[in-house]
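Biologist: Could you pull up the model so that we can go through its helix packing and its surface?

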Amino acid sequence: MLTEYYNNIATYLTETFGANFIFLTILLTTTVSIGYFILMSYIITHMDKRYFIRRRIKDNKASILPHLSVGKSSIIFIVKMAKIIVGIGLVVCGIIMLVLPGQGLITMLIGLSLIPFPGKNKLEQNLLAKKSVRSSLNWIRAKANKEPFIFD
């Protein structure tokens with residue numbers, strides 16, 4: 001019964017879109033998935049192993065930023081806006097990946113780390129409280145021969 005259902009769907013898709021379109025769609029999604037995994041692995045392996053505890057320590061200390069000139073502040077503003085846009089995109093992709101194949105929670109965690117908002121550290125810590133997220137992050141770092149993250 002299940003094979004008959006899949007055969008009907010395959011026939012319908014082939015007749016509606018054509019075999020070449022389906023092949024290109026599969027090829028494109030596979031390529032994007034592999035590229036995404038490589039990009040996320042690169043980001044995770046180049047983060048400081050104390051990144052998640054450093055955030056907590058940094059919030060407790062008052063940091064004084066030097067006065068920026070007008071030219072530098074506009075470049076900094078553009079970079080910050082780009083980080084926010086990329087972060088929002090990663091959070092949206094992470095939410096989508098909660099129901100589709102992919103590392104949804106890790107993608108959301110990386111996206112949230114790029115977006116400044118009140119309660120950000122608490123939300124990151126809630127995500128990091130999940131053992132699956134911690135083990136996935138450290139598994140990626142272990143494959144790259146990097147030291148595991150320090151969470152506590």
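Biologist: Which residues in H2 meet H7?
Modeller: Phe37, Ser41, Ile44 and Thr45 in H2 meet Leu137, Trp139, Ile140 and Arg141 in H7, where contact means heavy atoms within 4.5 Å. This is a predicted model, in which local features need pLDDT of at least 70 and side-chain atom pairs count only at pLDDT 80 or more, while totals for chains, interfaces and linings use all residues. Residues are numbered from 1 along each chain as its sequence is written, and side-chain values use heavy atoms, with hydrogens and water left out.

Biologist: How do the residues of that contact of H2 with H7 divide?
Modeller: They divide into five nonpolar, two polar and one charged, counting Ala, Val, Leu, Ile, Met, Phe, Trp, Tyr, Cys and Pro as nonpolar, Asp, Glu, Lys and Arg as charged, and the others, Gly among them, as polar.

Biologist: And at what angle do H2 and H7 pack?
Modeller: Helix H2 (residues 19–45) and helix H7 (residues 131–143) pack at about 90°, with their axes 9 Å apart; helices are DSSP runs of H or I with at least four residues, numbered from the N terminus. Axes are lines fitted to C-alpha atoms over the stretch in contact, and angles run from 0 to 180 degrees between N-to-C directions. H2 and H7 are therefore roughly perpendicular to each other, a term for angles of 65 to 115 degrees.

Biologist: What about H5 and H7, how far apart are their axes?
Modeller: The axes of helix H5 (residues 104–114) and H7 are 10 Å apart, at an angle of about 80°, which makes H5 roughly perpendicular to H7. Leu105, Ile106 and Leu109 of H5 make the contact with Val133, Ser136 and Leu137 of H7.

Definitions and conventions. Helix = DSSP H or I, 4+ residues; strand = E, 2+ residues; numbered from the N terminus. Parallel < 35°, antiparallel > 145°, perpendicular 65-115°, else oblique.
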